[in-house]
Amino acid sequence: MKRLFFIFLLCPVFCAAQHETRIDSLLGRMTLHEKAGQLNQLDGRGTIDQLKELIRRGELGSVMNVMDPVMVNELQRIACEESPARIPLVFARDVVHGFKTMLPIPLGQAATFDPELVKQGARMAAAEATEHGIRWSFAPMADISRDARWGRIAEGFGEDTYLNAVMAAAVVEGYQGKELADPSSMAACVKHFVGYGAAEGGRDYNATHLTERQMREFYLPPFHEAVQAGCASVMTAFNDNDGIPCTANRFLLHDVLRGEWGFDGVVVSDWGAVGELVTHGYAGDRADAAVKALTAGTDMDMSSKIYIENIEKLVASGRLTEAEVDAAVRRVLRLKMRLGLFDNPYTEIAARSVTGGDAHLAVARKAAEESVVLLANRGTLPLGNFKKIVVAGPLADAPHDQLGTWTMDGDTAQTRTPARVLKARYGKRVEFIPALRYSRDRDTSDFARVAAAAAGADAVILFLGEEAILTGEAHSLAGLELQGAQTALLERLAATGTPVVAVFMAGRPLAIPRECTLSSAVLYAWHPGTMGGEAIADILTGKANPSGKLPASFPRMSGQSPLYYNHSSTGRPASGKEKPIEQIPVNARQSVLGHSSYYLDAGSKPLFPFGFGLSYTTFELGGLTLSADSISQNDTLRVSVTLRNTGRREGTQALQLYVRDHGGSVTRPVKELKRIARVTLAPGASERVEFTLTTADLAFWGADMRLRAEPGKFTLTVGMDSQSGLSAPFSLAE
Ligand code: GLC
């Protein structure tokens, strides 16, 4: 028995050694041209005959965006039987939040504060994508984003480092399963390495200016977590940080990713990013771009064709060594070995497809339900036995927009929209009048009709927000206010006196203070995916109790961006009691307003803070206890608190544990999320919730750029959002 266990332990090591031996022998047989071919990745949507010719000549290592398993197998057969080195291709696709069955956008999945559910969703997506021949997905996106003007905030897990880290790891585990070689597993690709979400002005692709400390403190940890979870690949980011494009940043790719973290997977450039080194002004020409990217550590060239066109010349001229090329090729071959492609290159054409099945729809529905955040409720929700409700707004029946950005294969015919679900469930008791056709629509000609209908209804459910095209890559907004005549529509409906429930579908936090004032209740559903309508209908009618929490701070005005909870104190923090602009006296003397860090017209606080979300029940926290009020290095701190459901129905609360380090060799954020825990309680029930912290959780990159916990005073808070909760002091001794 012992021998068996020992063999089991040794197996991964044995397999890895076997892989390297096979790779050595392959490299020994390949020409330099074939090696360059392995580093070349192209879009498969071009002319298929040209693609087949490239494959036949061994000039392609990976093909993107071919999702017909029959075609995948045909191309794979050419690679395995007709190309010189007989090396299989790896087929890739952006499977970011589902394949055909769409999950909520990642920002919405982050709002679940439920990594286990996010992992289930990724597993479901992998089952659908691999059935179509996809074995490499360009996800998770783990870019910290503190600026809602940036369209790609939709694609990541929000502003917080810890939340992005746990969610990115969950997606990696979901995609890659227990065995990467399992045909239903696909390689994950954590992206975009790194700091891309800090684009200046929230304008996509813009330069970033992050210090090494900011990189290491906030932006790198989610990637490190993904790598530690076994992520098979990393994608470089488009941005130049501090003047060096990430695709050619040796410090990041070689020193940190491979040197410090020991990452031995593939680094793939983003689309055309090797070529963009010339546009950045960082490379003199395409050949120079090839040298700079490859020697920095970018193994595979996505879609710019620079590697395949230049590597042989560069080795011949001595600007590249064959050993440098071999190092990159080895990692590509290793990825293919780990995927099992050398032994099992073909996609089994499923006798019975799992894609779009009930089990997958159920996962999508649960994810949509847990992603919805209840922001306000003046008693209107859940809807009781209504006689009539009016459903209105441009997002009430928007099967395309509801799926959100990066819906590459999502089936809009499958989309359950709120309007259709509510109509199907409640028939004539639901009157649906969109009143606006899409979020930017300014045609108010139907406002009178919808207002008349609202006047005689028990409530209006108004679906507002943004079209999918206004979110995602290259879709930054300078203004976060609602587009078109949406606010005017809400004003018109609120004026009827009938309670209006505003339900937002969006890919970012929007600046909605006026809309929240005018509404009797507010739900934020992000772009909730295929089953969004079912989930929202369940929440509206009380069949489900909302439990979502905000993964990003909500601004009162666009000008507050970037906005995030774990900010520096500054030397003059706002007290929160500053005069609102309308109360500033005329001819006021210069110093009457004090001297603190806030906006005269927007204050210092968000409209809704990170981690915020209400429920149909109420909760109370009590009895915060720490196992010690002073700990030493390498100690463990046990924290416990009692959560009670003080309301009249079952509910789930996502508890959050924050720590504040009151001083260090560098300034520290006013708060940092360190743990989350979802707890479901029956009415009246209570539970003692336990957390464990170690001094590693208190470590940060000090003035000397060393990662360690420094002695000093701390405050620990357990709360239901980032602005409130029970706190207790503790200290870390020398
Ligand atoms: C895009 C995106 C990247 C995506 C890639 C392939 O430009 O930046 O996230 O994976 O190209 O589609």
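Arg216 is buried, because its relative accessible area of 9% falls under the 20% limit that defines a buried residue. This residue is found in helix H8, which spans residues 212-219. Its side chain is joined to that of Glu260 by a polar contact of 2.7 Å. The model described here is predicted. The points below turn to the ligand, the aromatic rings, the charges over rings and the strands.

**Ligand surroundings**

- The residues around the ligand are Asp94, Phe138, Arg152, Lys191, His192, Met235, Phe238, Asp270, Trp271, Met302, Trp406 and Glu473.
- Asp94 places a polar side-chain atom 2.5 Å from an oxygen atom of the ligand.
- For Lys191, a polar side-chain atom lies 2.8 Å from an oxygen atom of the ligand.
- His192 has an N or O atom in its side chain that is 2.7 Å from an oxygen atom of the ligand.
- On its own, the ligand has 310 Å² of accessible area, and the protein covers 93% of this area.

**Aromatic pairs**

- The structure holds 17 aromatic pairs.
- One of these pairs is formed by Phe193 and Trp261, whose ring centres are 6.0 Å apart; the planes stand at 75°, so the pair is edge-to-face.
- Phe193 belongs to strand S5 (residues 189-193), whereas Trp261 lies in the loop between helix H10 (250-260) and strand S9 (266-268), so the pair ties together parts that are 68 residues apart in sequence.
- Phe193 and Trp261 are both buried.
- The rings of Trp526 and Phe554 have centres 6.1 Å apart and planes at 70°, so this pair is also edge-to-face.
- Trp526 and Phe554 link distant parts of the chain, 28 residues apart: Trp526 is in the loop between strand S16 (521-524) and helix H20 (532-540), and Phe554 is in the loop between H20 and strand S17 (619-626).
- Both Trp526 and Phe554 are buried.
- Trp526 and Phe554 also belong to a cluster linked by ring pairs, which includes Phe504, Tyr524, Phe608 and Phe612.

**Charges over rings**

- Arg146 lies over the face of Phe218, at 4.5 Å from the ring centre.
- Arg668 has its charged end over the ring of Phe700, 4.0 Å from the centre of that ring.

**An open sheet**

- Five strands form an open sheet with mixed pairing, in the order S18-S26-S25-S20-S21.
- The edges of this sheet are strand S18 (630-631) and strand S21 (672-681), each of which pairs on one side only.
- Strand S18 runs parallel to strand S26 (residues 726-732), and 2 bridges join them.
- Within this pairing, Ser630 has Ser731 of S26 as its bridge partner.

**Antiparallel pairings of strand S19**

- Strand S19 (residues 636-645) pairs with S17 in the antiparallel sense, over 6 bridges.
- Between S17 and S19, the bridge partner of Phe619 is Asn645, which lies in S19.
- Strand S19 also pairs with strand S22 (residues 686-694), again in the antiparallel sense, over 9 bridges.
- Between S19 and S22, Arg644 has Ser686 of S22 as its bridge partner.
- In a regular strand the side chains alternate between the two faces of the sheet.

Note on methods:
Residues numbered from 1 in each chain as written. Predicted model: local features only at pLDDT ≥ 70, side-chain atom pairs only at ≥ 80, totals over all residues. Heavy atoms only, no water. Pairing = 2+ DSSP bridges. Helix = DSSP H or I, 4+ residues; strand = E, 2+ residues; numbered from the N terminus. Phe/Tyr/Trp six-rings, centres within 6.5 Å; stacked < 30°, edge-to-face > 60°. Buried < 20%, exposed > 50% of the residue type's maximum accessible area, 1.4 Å probe, protein only. Lys NZ or Arg CZ within 6 Å of the ring centre and 35° of its normal. Near = heavy atom within 4 Å. Polar contact = N/O pair within 3.5 Å; in protein donor to acceptor, adjacent residues only side chain to side chain. Areas by Shrake-Rupley, 256 points an atom, 1.4 Å probe, with all protein chains shown as cover.
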